[in-house]
Amino acid sequence: NAIRPGYGFTMKGTNVTVHADPFADPNNQNYDFRGRPNNGTISIPVTKVMDNIQSGNPYPSALDLNLLFADNTTTLNSIQFWDENRSINSHLYRENQGGYGTLGAGGVYTQPVFLSYDNGGNVIVGSNNGQGQMLNRRFSPIGQGFNLIPGAATGNITFNNGQRVFFREDGVSSVFHKPE
């Protein structure tokens, strides 16, 4: 299905088996993204009080999130990033531990608390399994997903070319979680 620029999606893979040939394992999933790279202004309408909007860096270049906040001072409250305990090799909610870290408008990142979940994906009250990594989230690499947390009930959250920067992933100031 088509996803409009600026919007994101969430998925959980079926297996984390590593092979020299990723197509050799029938459990591996391959997603084919087609289309032209995004360029220019991309607006996401906020039409009501919303918990979050699944989004991500829509450009084929790094995105300076400080500039995203500066350009959206009345409509963007914070940005959330999912992190999970990567030592757990399971795709079952009840066996996973994870949570959302939050980047605020001042560029301050609050690392996530790793919570436990029941079979339905609901947080088990009182669960606390440590914290995720403390990361500098200022520069979002190509393809990085996140949730936008609106600060207003109406308006637009806008991405634009002025927020794009050249910044290499370095494991410190620009981090994209992926398999080694």
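Helices and strands here are DSSP runs, with at least four residues for a helix and at least two for a strand. On that basis the protein follows the pattern β-β-β-α-β-β-β-β-β-β-β-β along its sequence. That gives one helix and eleven strands. The model is a predicted one.

**Overall figures**

The protein has 180 residues, and 35% of them count as buried. Its accessible surface comes to about 11000 Å². Carbon and sulfur atoms hold 51% of that surface. Long-range contacts are well represented in the numbers: among contacts between residues at least 6 apart in sequence, 65% join residues at least 24 apart.

**Aromatic pairs**

The whole structure holds four aromatic pairs. One of them is Phe 81 with Phe 146, whose ring centres lie 5.7 Å apart. Their planes meet at 65°, and angles over 60 degrees count as edge-to-face, so this pair is edge-to-face. The two rings come from distant parts of the chain. Phe 81 sits in strand E4 (residues 76–84), Phe 146 in strand E9 (residues 145–150), and 65 residues separate them. Both partners are buried: Phe 81 has a relative accessible area of 2%, and Phe 146 has 4%.

Trp 82 and Tyr 117 make another aromatic pair, this one tilted. Here the centres are 6.3 Å apart, with 50° between the planes. Trp 82 lies in strand E4, while Tyr 117 lies in the loop between E7 and strand E8 (139–140), so the pair ties together parts that are 35 residues apart in sequence. Trp 82 is partly exposed at 33% relative accessible area. Tyr 117 counts as buried at 10%.

Phe 81 and Phe 146 also belong to an aromatic cluster, together with Tyr 109.

**Salt bridges**

Side chains of opposite charge can pair when their charged atoms come close. A search of the whole structure finds two salt bridges. One joins the side chains of Asp 64 and Arg 138, at 2.9 Å from N to O. This pair links distant parts of the chain, 74 residues apart. Asp 64 is in strand E3 (residues 62–64), and Arg 138 is in the loop between E7 and E8. Asp 83 forms a salt bridge with Arg 86, where the closest N and O atoms are 3.8 Å apart.

How exposed are the partners? The table gives the relative accessible area of each.

| Residue | Relative accessible area | Class |
|---|---|---|
| Asp 64 | 3% | buried |
| Arg 138 | 33% | partly exposed |
| Asp 83 | 3% | buried |
| Arg 86 | 47% | partly exposed |

In each bridge, then, the Asp is buried and the Arg is partly exposed.

**Two polar sites**

Asn 39 is found in the segment before E1. With a relative accessible area of 56%, Asn 39 is over the 50% cut-off and therefore exposed. The side chain of Asn 39 makes polar contacts with two other side chains: Asn 161 at 2.9 Å and Arg 164 at 3.2 Å. Leaving out residues up to four places away in sequence, Asn 39 touches Tyr 59, Asn 161 and Arg 164. Asn 160 is 121 residues from Asn 39 in sequence, yet their C-alpha atoms are 7.8 Å apart in space.

Ser 116 belongs to strand E7 (residues 115–116). Its relative accessibility is 16%, under the 20% limit, so Ser 116 counts as buried. The side chain of Ser 116 makes a polar contact of 2.8 Å with the side chain of Asn 129. Beyond residues up to four places away in sequence, Ser 116 touches Asn 96, Gln 97, Asn 122, Val 123, Ile 124, Ser 127 and Asn 129.

**A nonpolar patch**

Which residues make the nonpolar surface patch of about 430 Å²? They are Ile 3, Phe 9, Met 11 and Phe 33. Of these, Phe 9 lies in the segment before strand E1 (42–46). Phe 9 is partly exposed, with a relative accessible area of 42%.

Definitions and conventions. Residues numbered from 1 in each chain as written. Predicted model: local features only at pLDDT ≥ 70, side-chain atom pairs only at ≥ 80, totals over all residues. Heavy atoms only, no water. Buried < 20%, exposed > 50% of the residue type's maximum accessible area, 1.4 Å probe, protein only. Polar contact = N/O pair within 3.5 Å; in protein donor to acceptor, adjacent residues only side chain to side chain. Contact = heavy atoms within 4.5 Å. Patch = residues over 30% accessible without salt bridge, like charges linked within 9 Å, V, L, I, M, F, W, Y side chains within 5 Å. Areas by Shrake-Rupley, 256 points an atom, 1.4 Å probe, with all protein chains shown as cover. Salt bridge = Lys/Arg side-chain N within 4 Å of Asp/Glu carboxyl O. Phe/Tyr/Trp six-rings, centres within 6.5 Å; stacked < 30°, edge-to-face > 60°.
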